[in-house]
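Here are my notes on this one, mostly about how the parts sit against each other. Have a look at the structure first, then read on.

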Amino acid sequence: MNKNNYALIMAGGVGSRFWPVSRTEFPKQFIDFFGVGKTLIQSTYDRFLKICPPENIFVVTNEIYIDIVKKQLPDLDENQILAEPIMRNTAPCISYGSMKIAHLNPNATIVVAPSDHTITNQDAFFAAIEQSLKAASENNCLITLGIKPSRPDTGYGYIQYIENTLKTDDQIHKVKIFTEKPNIDLAKSFIQSGDFLWNAGIFIWSAKSINNAFSKHLPEMHDIFLQGNSLYNTKKEKDFISDAYQQCTNISIDFGIMEKAENVYVLPADFGWSDLGTWASIYDIAEHDYVGNAVIPAKQVMMFNSSNCMVNVPKDKLVILQGLHDYIVVESNNTLLICPRSEEQSIKQIVADVKAKFGTKFI
């Protein structure tokens with residue numbers, strides 16, 4: 001295992017689309033959605049144990065989740081948990097993590113990945129990551145993994161690539177353009193063209209390359225975190241970061257770096273990836289009965305004349321459903337949500353309405 005390989009796992013999201021199971025005080029990355037005995041962040045951590053030495057895996061999360069991270073990932077040293085004082089999107093947390101890792105090892109090559117994605121083909125994932133790490137260590141480049149699309153999905157961003165490839169790897173292509181979530185007609189045209197991929201939000205680069213990119217494209221943010229170079233991995237790091245985040249703009253790595261840099265490349269991959277952004281994505285991955293119902297992780301659910309439903313209730317709850325078709329049924333902490341699957345996009349508005357009427361008690 002290469003001692004220069006590092007992983008930065010991003011685990012600061014709230015996951016409001018999975019309310020009421022996912023809540024502000026206990027968001028989706030800390031939940032075992034499929035009843036497999038591991039939460040999403042635990043599964044992500046375990047994957048990277050096969051790529052990096054355990055001491056080279058870092059988790060960046062909101063400071064309110066530090067205790068949960070420590071409980072779910074007890075093998076992490078306290079120095080491997082990066083606490084964000086406020087939410088500032090992905091660019092600040094990546095700049096922070098990259099600076100901290102570079103301070104430990106200037107020759108580091110880093111994988112940046114969300115904590116809440118699922119991977120069904122582990123071997124293909126490991127192969128793609130190892131290939132990208134090798135390429136990033138040999139070239140001044142920023143690599144992203146692009147998922148070969150299986151359908152014209154409007155829920156993902158897309159990456160268009162061209163024939164130009166890295167000199168050391170002819171499978172890693174130059175990125176032409178990033179496109180945010182398109183409408184259905186545009187998504188169909190992307191699929192037909194054959195040179196578009198889903199943006200998985202998984203990045204691979206050397207510490208040197210990404211820090212140079214921040215210096216060029218987000219210089220103010222780069223300078224903010226550079227000021228703490230002598231404080232990283234010391235007791236003074238926390239106080240410095242608390243002040244640094246107050247100065248950072250709220251900006252994503254895609255918009256701040258990837259859409260601007262000239263040395264961005266993509267590796268087309270297919271490893272059974274899902275970003276678990278909606279209950280529909282949980283439904284797609286879960287096992288279904290003969291009429292299309294996905295019931296997880298409950299053991300005592302009885303369904304009569306019901307089909308194509310997504311049901312997620314506690315294991316000890318007895319639930320009887322009659323005459324429901326194409327519905328989401330979710331219960332957690334004595335809060336019940338029943339919503340047509342076709343109207344899942346309204347869950348965010350439901351959460352906002354609940355918050356407005358009852359405060360944050362149920363959110």
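1. A salt bridge here needs a side-chain nitrogen of Lys or Arg within 4 Å of a carboxyl oxygen of Asp or Glu. By that rule, zero salt bridges turn up across the interface of domain 1 and domain 2. Keep in mind that this is a predicted model.

2. On the layout: the domain assignment splits the protein chain into domain 1 (5-274) and domain 2 (279-358). Taken over C-alpha atoms, the centres of domain 1 and domain 2 are 30 Å apart.

3. So what does the interface consist of? On one side, 13 residues of domain 1 are in contact, and they meet 19 residues of domain 2. Between them, domain 1 and domain 2 bury about 1600 Å², with carbon and sulfur atoms giving 70% of that area. Within domain 1, the residues that lose the most area to domain 2 are Arg-17, Trp-19 and Phe-34, which together make up 39% of what that side buries.

4. Back to the polar side of things. Two residue pairs are in polar contact between domain 1 and domain 2, counting pairs with both residues at pLDDT 80 or more. The side of domain 1 that touches domain 2 has six nonpolar, four polar and three charged residues.

5. Last, the inside. The structure has one cavity of 30 Å³ or more, and the largest cavity holds about 60 Å³ of space. Which residues line the largest cavity? The lining is made up of Thr-44, Arg-47, Phe-48, Ala-113, Pro-114, His-117, Ile-119, Phe-125 and Ile-202.

Technical notes. Residues are numbered from 1 along each chain as its sequence is written. Side-chain values use heavy atoms; hydrogens and water are left out. Domain bounds come from an automatic or database domain assignment. Contact means heavy atoms within 4.5 Å. Buried area is the accessible area (1.4 Å probe) that two parts lose on being put together, summed over both. A polar contact is a pair of N or O atoms within 3.5 Å; within protein, one must be able to donate a hydrogen and the other to accept it, and residues adjacent in sequence count only if both atoms are side-chain atoms. Ala, Val, Leu, Ile, Met, Phe, Trp, Tyr, Cys and Pro count as nonpolar, Asp, Glu, Lys and Arg as charged, and the others, Gly among them, as polar. On a 1 Å grid over the protein atoms alone, a cavity is a set of points where a 1.4 Å probe fits but cannot get out, and a pocket is an open set with protein on both sides within 12 Å along at least five of seven lines; lining residues have an atom within 4 Å of a point. Grid points are joined across faces, edges and corners, and a volume is the space filled by probe spheres set on the points.
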